[in-house]
Structures are given as C-alpha cells and as structure tokens.
Amino acid sequence: MEIIYLDDFLNNGIIREEAFRQSVNEVDWSKYEGKKVLIKGCTEVPVPTWSYLIITAHLAQFAEKILYGEPCSAFEIFKNQNTN
C-alpha cells in the first residue's frame, strides 16, 4: 500500500491553498495506477477538508482503492469499479 502524507504539502508549516494546489499539480499521480493508496490521517497541523478532496479527486483517476486514516484502522473512501 502506498501512503500519502499531507505533511509533505506544508508551506511554511501550514497548508496554504495556492501552494497546496501547485504541489498537487506537480505530483505524478500515474505512479498510483492500480494501487491501494492511504491518505494518512494524522498531520502536524490542522488540515482543511478541501485538501483531502483535492487529493482524492486526483487519485481517483488512477488508484484501485483510496483509504483514509491510519494503516491499522483505515477506512475505504473510494474503490475503482473498473478494476477486478
């Protein structure tokens, strides 16, 4: 399972929308093709809800399954119906 850490998108210690969107657009999302991906729930700072939605929208084009939370207690938020 691949893990996305929202801390990787911090700008000067917080998530700023403009910088966040730019960082998200620079990610090669195709590397998640057909994979299970966990969006890690815990971060060092508060995370706006829209940031999860933006990442999920990008991942949904490629990932087999998207989960949210911690590896030991993740819950599914998306499953690609086009995969086996």
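**Exercise 1.** In which sense do E2 and strand E3 pair, and over how many bridges?

*Solution.* We are working with a predicted model. Start by finding the two elements: E2 covers residues 36–40, and E3 covers residues 65–69. Their pairing is parallel and runs over five bridges. For a landmark, look at Leu-38, which has Leu-67 of E3 opposite. Now follow the chain between the two strands: from E2 the path goes through helix H2 (residues 49–59) to E3, a right-handed β-α-β crossover.

**Exercise 2.** Describe how strand E1 is joined to E2, and how well E2 is covered.

*Solution.* First, the pairing: E1 (residues 2–4) and E2 are parallel, with three bridges. Here Ile-4 is found opposite Ile-39 of E2. Next, the connection: together with helix H1 (residues 17–26), E1 and E2 form a β-α-β unit that is right-handed. Finally, the cover: E2 is mostly covered, with four of its five residues buried.

**Exercise 3.** Classify the ring pair of Tyr-68 and Phe-75, then the exposure of each residue.

*Solution.* The structure has five aromatic pairs. In the pair of Tyr-68 and Phe-75, the ring centres lie 5.6 Å apart and the planes meet at 70°, so this pair is edge-to-face; the cut-off for that class is over 60 degrees. For exposure, Tyr-68 has a relative accessibility of 25%, so Tyr-68 is partly exposed. Phe-75, at 46% relative accessible area, is partly exposed.

**Exercise 4.** Which residues does the cluster of ring pairs link?

*Solution.* Look for the rings of Phe-9, Phe-20 and Trp-50: ring pairs join these residues into a cluster.

How values were computed: Residues numbered from 1 in each chain as written. Predicted model: local features only at pLDDT ≥ 70, side-chain atom pairs only at ≥ 80, totals over all residues. Heavy atoms only, no water. Buried < 20%, exposed > 50% of the residue type's maximum accessible area, 1.4 Å probe, protein only. Pairing = 2+ DSSP bridges. Right-handed = clockwise from strand over helix to strand, strands pointing away. Phe/Tyr/Trp six-rings, centres within 6.5 Å; stacked < 30°, edge-to-face > 60°.
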